[in-house]
Amino acid sequence: SSAAMAALRGRALLAPLGARLRAGPRAPFRSAASNPPLYDVVVSGGGMVGSAMAAVLGHDIHFHDKKIALLEAGPRKEYDHMPDSYSNRVSSISPGSATLLSSCGAWDHVCSLRLKPFRRMQVWDACSEAMIVFEKDDLDDMGYIVENDVIMSALTKQLDAVADRVEVFYRSKAVGYTWPLPSHGCDTSPWVQVELADGRRLQTKLLIGADGHNSMVRKEAEIKNIEHQYDQSAVVATLHLSEATDNNVAWQRFLPTGPIALLPLSDTASSLVWSTSHDHASELLAMDEESFVDSINSAFWSNINHSDFIDTAGAMFRSAISLLKPSGTAVRQLPPSVAEVDAGSRAMFPLGLGHATEYVRPRVALIGDAAHRVHPLAGQGVNLGFGDIACLAHHLSAAAFNGSDLGSLKHLLKFETERQRHNVSLLAATDVLKRLYSTTLAPLVLLRTWGLQATNALPPVKVRI
Amino acid sequence: QLSLFRFTVKRPFSTSHSSVDSKEIKKFQLLAHKWWDEEGEYAALHSMNDIRVPFIRDTLLSMSSNYNLGNPLSGIKILDVGCGGGLLSEPLGRLGASVTGIDPVEDNIRTADRHKSFDPVLAERIQYKSSSLEEIVEESMETFDVIVASEVVEHVADLEMFIKCCSQVLKPEGSLFITTINKTQLSYVLGIVVAEKIMGIVPEGTHEWEKFVPPEELERLLESNGFSVRSVKGMLYNPLSGSWSWVQSRSLNYALHAVRAGAPPRPHATDTLPETGVQQRSATAGTAG
C-alpha cells in the first residue's frame, strides 16, 4: 500500500546515508523455486565502455569463479573482417586507455586490425595566430586514432575468450530495475532485480550502468543528473587528403562556431569531427561533396576571422615571450588539405554536457557516458570511460580478494570519489574552453590568445594536460 | 562474538560444562537483527573485515603450496567460533572455504542462516549451528584446518578450557586466529569509556574490562597447551574514518596467529618423528574422527 511505501521511504531517509538508501518498488518475496538466476555483476549496456568493463572483470584473476552478465540491446555484430573503407565513428585513445585494453588482451587485436598512432597535436585559434602544440619529448605516441568498430571487434573476441565467466545477452534490453531494501529488511531479496524486454529476469549483487548519456540505470536509481544541451552538433566524415603524408599529427582549430578537428586514420585518410551550430551542421550534411570539401579546407586555412588588432597584440606577446624564453614558441606546421570525402560517410549527432551527481548507490555503479558526458573538443570522451573502468575494476578486484560483498557501498564510494575528482575538473575545463572559444569578442579572444601562447611556452602546464 | 558463557563465580572443582548466562544472551538477542546493517551498531565489526580477512587469507596462503588466487581458501575447513550474524563467515566462504559457524545465541544463528540463504554459493559453503564450543568437541575431534575466534575470548570465563577445546577440534598443524582486546588502562579508557559510553562505537555493556586478555597471558596459555604462537599484531580503530589499521602497539586491540603442534614425539623414542600432519592421535582423543 502507498502508506506502507511512504513509511518505508521515511524510515530509509532517517538512516545515516538516507538519500542513498531511498528504495524504489519493493522487491517481491520469491519462493526458492522461482528464483531468477543470480549473477555477481551485471553490466547494462554493450557499447565500448560496457563491453570493456565486462572483459576486464572477466580476465581478472579474482573473478575466476564469478558470474558476470553483459546486457546489450542490439544484435551481436560479426567483425570477421574490416571493410576497406573507414568507419566515420572513431575515437582518440590515450596511452592509458591502451594499457587498459592491453590488460584484457584486446589491444593486440586492435593492433592487428588497424589504428593510427599520432605523435603531435596542434591546436590553434581561428581569430589569431595563437597556437599550442602537444608533443611527447621522448617521441612516444601521444595517442591512437581507432575506429569504434575496431575496438568493439577486439572486445568481442576477448569476451568470447572468457565465455565461461561472462555471459553476453544480445537483443536484451533491460526494461525495469528493482532495488533492494536496506539490509536489515531480512525477508526480501537483497539483490538487484533486472527485468528484460522478453520477460526474463536476472538478479545481481552489483549492477553497473554503462548505458550511455540517457542511462536508464541512472534514471531508475533516481540519481540527479546535471545536463546541458550545447547548441551544437558534431559532423563526422571520412576524408581523403590531397597528398600522402606522414599524417601523424592531430589538428584542431577553434572557429567561432566551434572547433574543427582532423584525426589521422592513415597516410592518405583522416577523420573529421566538426562541432558547429545545428543549422550549419545540417547545411554541411546537405551540400554536395565538393562544397563540403571546400568548407573544410577554408575552415582550416582561412584567416577571415583575424583582426589587425588581435594580430598585433598577439605578435607583441609572442616577442615578449621569446625574450624571456627564446625557445618558447614551437614550430607551426601546416595542416593537410582535403581532396575528397567518402560517399555516405557524413553524419551528425547533437552535443551536450552531463554529469551525474552520484556515481554509485548500494549495489549500483555508473561508468562512461552514463556518469558523464563531455564535448568532443578534448578528445576525451571514451578515455574517461576507460579510466572509470580501470578504477572500478581495481576496487572490485580488491573487494573480491577480500571476500567482500561486491555491491557494498564501501568500496563503491572509493571509486566514486576518485573518479569524480578526476572527471569534474576535466568536464569543467572542457566546458570553459568550449564557451571561451565560442566568441569573436576581442577581449576574450585576446585572453585566450595570450593564454594559449603562454600555455604553449610553459612546459609544466603542457605536461599536465 | 560470544562463545562460552559461564557462571561468573569460578568454581575450581566444578564439573559443570558451559551453561549459558541468560543476561548475556538477552543483550545480544536485542541486537540480533542489527548484524547486517553496515552503518549500524556493528559497523566497526564490518570494517574490521578489511584487515582480519586479509590477515587470515594471506597467512594461510603463505603456508600452503597450492596458490589459487581465484579461490584462495578452497579446500580449507574453518570453524568460526562466536560467529554472531556471520560477518566473518561469509567473506571466508566467498574465498572458497567450507565454514562452520557456531554461536550460543539462537537468534544470531537465525539471522546468519537467513542472510546466507539468498546466495546459493554461500548457502552451500557455510553451515551454522547454535552451540557452544564444548558442545561440538566430541563430534568434531581434529576436524578443522583453521579456527577463527574473533572478538570472542574477551567474553569467555575459562580461557584455558576454551583453548583446550580449540586444540581438540583442530587438526595437527592447524591454525588458530584470535582477535581480541588487551587489558590495559588505555583499553579501559578507550575501549570501554569512550567506545561504549561516549561514542557508541560498541553497544554499551558489551565488554567487561575484567575479561580482557593481555597478549602475554594469551601467549602463555597457548604455548602451554600445545600451540606455537607465530605472530601477534596490534590493531587500531579510527572512529573518524571508520576503518582499522595495523599498528605497532598492542595496548588496545590485537590479532594473533598460532599453530597447533603436530603430534608430540614419543616419550622414549630414540629417533625423532617428522612433524607432518598425519600422525598418531594423542591419548585423550577418543574415537571420533
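Which residue in strand 2 of chain B does B:Asp80 stand opposite? In this predicted model, the residue facing B:Asp80 is B:Gly101. A good place to begin, then, is the sheet of chain B to which these strands belong. Strand 1, residues 77-81 of chain B, runs parallel to strand 2, residues 98-103 of chain B, and five bridges join the pair. Helix 3 of chain B, spanning residues 89-94, combines with strands 1 and 2 of chain B in a β-α-β unit, and the unit is right-handed.

Strand 2 of chain B also pairs with strand 3 of chain B, which covers residues 126-130. The sense is again parallel, with five bridges between strands 2 and 3 of chain B. Here B:Asp103 is found opposite B:Ser130 of strand 3.

We turn next to the interface between the two chains. Contacts link 24 residues of chain A with 24 residues of chain B. Together, chain A and chain B bury about 2,000 Å², and carbon and sulfur atoms account for 53% of that area. Eight residue pairs make polar contacts across the interface of chain A and chain B, with both partners at pLDDT 80 or more. Sorted by class, the residues of chain A that touch chain B comprise nine nonpolar, 10 polar and five charged ones.

Charged side chains deserve a brief word of their own. Two salt bridges are found across the interface of chain A and chain B. A salt bridge joins the side chains of A:Lys410 and B:Asp50, with an N to O distance of 3.4 Å.

Definitions and conventions:
Residues are numbered from 1 along each chain as its sequence is written. Chains are lettered from A and ligands numbered from 1 in the order in which they are written. This is a predicted model: local features need pLDDT of at least 70, side-chain atom pairs count only at pLDDT 80 or more; totals for chains, interfaces and linings use all residues. Side-chain values use heavy atoms; hydrogens and water are left out. Contact means heavy atoms within 4.5 Å. Buried area is the accessible area (1.4 Å probe) that two parts lose on being put together, summed over both. A salt bridge is a side-chain nitrogen of Lys or Arg within 4 Å of a carboxyl oxygen of Asp or Glu. A polar contact is a pair of N or O atoms within 3.5 Å; within protein, one must be able to donate a hydrogen and the other to accept it, and residues adjacent in sequence count only if both atoms are side-chain atoms. Ala, Val, Leu, Ile, Met, Phe, Trp, Tyr, Cys and Pro count as nonpolar, Asp, Glu, Lys and Arg as charged, and the others, Gly among them, as polar. Two strands pair if DSSP finds at least two bridges between them. Helices (H or I, at least four residues) and strands (E, at least two) are DSSP runs, numbered from the N terminus. A crossover is right-handed if, with the strands pointing away from the viewer, the path from the first strand over the helix to the second runs clockwise.
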